[in-house]
Amino acid sequence: MSRSPSSEASFLTDVSARIGELVALCCPAVDSPGLVVGLSGGPDSVALLLAAHAWAGRTDSSLAAAHFNHGLRPGEAEQDAAFCRDLCRTLDVRLFEGGEDPRPLARTRGQGIEDAARHLRRRFFRGILAGNKDLHCIATGHHRDDQVETVLMRLFRGTGPEGLRGILPVSGAFIHPLLPVKRTEIIGFLEDCGQAWRTDPTNLDGDNTRARIRRELLPLV
């Protein structure tokens, strides 16, 4: 059953207001900060882009999206990129595209593919800011469920009070407006407004640590 019609507007209002608050905290010295939304095509980033689009329209701020292809799912990854292009074309939002296989970096650094992929994405995002004077910060679609998984991962690896704070709303040039929002709320919003999204099966079925926590540990907890 879909939610009430007001729920869709409430989601956009609440998240776009949160974006405005975090952008101001992230860039206090900039009169009209511009925002880049990390866009994978998944439900979290798609919902975030829609809210950022509402924020940009209300504030007349610069907005762009950035899609990074890790090349780990041949065929599906290209479809993800095509979906992001179509969505940005519909919204009239600039889209920056990049890509690099994280496996060589993971081998060189002796780290997991997920960590190497994150490093490459963040480097790509920072490069966009460096090359575009009207863009000042980056928003990613981490939400409340991601926060739970992050804290558990850090707890198991060993961390102190700082690490147990989890994902911060503002971290350097990165902001995370969806941290107060549950994944079910994000899905409900997209269903209510009839917005499609892409699904990455490795987010649940993969053998990386986060996927295993999501699939095996959290149902037990």
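The following paragraphs go through a predicted model, from its overall make-up to its sheet, selected buried residues and a cluster of aromatic rings.

The protein chain contains nine helices and six strands. Of its 221 residues, 42% are buried. Contacts across the sequence can be described by their separation: taking those between residues at least 6 apart, 74% join residues at least 24 apart.

The six strands make up an open sheet with mixed pairing, and their order across the sheet is β3-β2-β1-β4-β6-β5. At the edges are β3 (94-99) and β5 (170-171), each of which pairs on one side only. Starting from the β3 edge, β2 and β3 run parallel and are joined by six bridges. One point of reference in this pairing is Ala 64, whose bridge partner in β3 is Arg 94.

On to strand β1: β1 and β2 also run parallel, with four bridges between them. Here Gly 38 has Ala 66 of β2 as its bridge partner. The two strands belong, together with helix α2 (residues 43-59), to a right-handed β-α-β unit. β1 pairs with strand β4 (residues 137-139) as well, in the parallel sense and over three bridges. In that pairing, Cys 137 of β4 is the bridge partner of Leu 35.

Strand β1 (residues 35-38) is covered on both faces. Leu 35 and Val 37 are buried on one side, and Val 36 and Gly 38 are buried on the other. Gly 38 and Leu 35 thus appear twice in this account: Gly 38 as a bridge partner of Ala 66, Leu 35 as a bridge partner of Cys 137, and both as buried residues of β1.

Next come three buried residues outside the strands. Asp 80 is in helix α3 (residues 76-91). Is Asp 80 buried or exposed? Asp 80 counts as buried because its relative accessible area is 6%, where the cut-off for buried is under 20%. Its side chain makes a polar contact of 2.6 Å with the side chain of Arg 198. Leaving aside residues up to four places away in sequence, Asp 80 touches Ser 40, His 67, Arg 73 and Arg 198.

Leu 91 is also in helix α3. With a relative accessible area of 16%, Leu 91 is buried. Beyond residues up to four places away in sequence, Leu 91 touches Leu 49, Leu 50 and His 53. The C-alpha atoms of Leu 91 and Leu 49 are separated by 9.3 Å, and the two residues are 42 residues apart along the chain.

Pro 177 is found in the loop between β6 (174-175) and α7 (183-193). Its relative accessibility is 2%, so Pro 177 counts as buried. Which residues does Pro 177 touch, not counting residues up to four places away in sequence? They are Arg 18, Ile 19, Leu 22, Leu 48, Ala 139 and Thr 140. For Ile 19, which is 158 residues apart from Pro 177 along the chain, the C-alpha atoms of the two are separated by 5.6 Å.

After this loop comes helix α7, in which the buried residues are Ile 186, Ile 187, Gly 188, Phe 189 and Leu 190. Gly 194 follows α7 and has a positive phi, near 70°.

The last topic is the aromatic rings. There are four aromatic pairs in the structure. In one of them, Phe 68 and Phe 124 are tilted, at 5.3 Å centre to centre and with 50° between the planes. This pair links distant parts of the chain, since Phe 68 is in strand β2 (residues 63-69) and Phe 124 is in helix α5 (residues 113-131), 56 residues apart. Phe 68 and Phe 124 are both buried. Phe 124 also pairs with Phe 125, again in a tilted arrangement, with 6.0 Å centre to centre and 45° between the planes. Phe 125 is buried, as is Phe 124.

Ring pairs connect Phe 68, Phe 124, Phe 125 and Phe 174 into a cluster. The ring of Phe 174 has a charged group over it: the charged end of Arg 122 sits 3.8 Å from the ring centre.

Key. Residues numbered from 1 in each chain as written. Predicted model: local features only at pLDDT ≥ 70, side-chain atom pairs only at ≥ 80, totals over all residues. Heavy atoms only, no water. Phe/Tyr/Trp six-rings, centres within 6.5 Å; stacked < 30°, edge-to-face > 60°. Buried < 20%, exposed > 50% of the residue type's maximum accessible area, 1.4 Å probe, protein only. Lys NZ or Arg CZ within 6 Å of the ring centre and 35° of its normal. Pairing = 2+ DSSP bridges. Right-handed = clockwise from strand over helix to strand, strands pointing away. Contact = heavy atoms within 4.5 Å. Polar contact = N/O pair within 3.5 Å; in protein donor to acceptor, adjacent residues only side chain to side chain.
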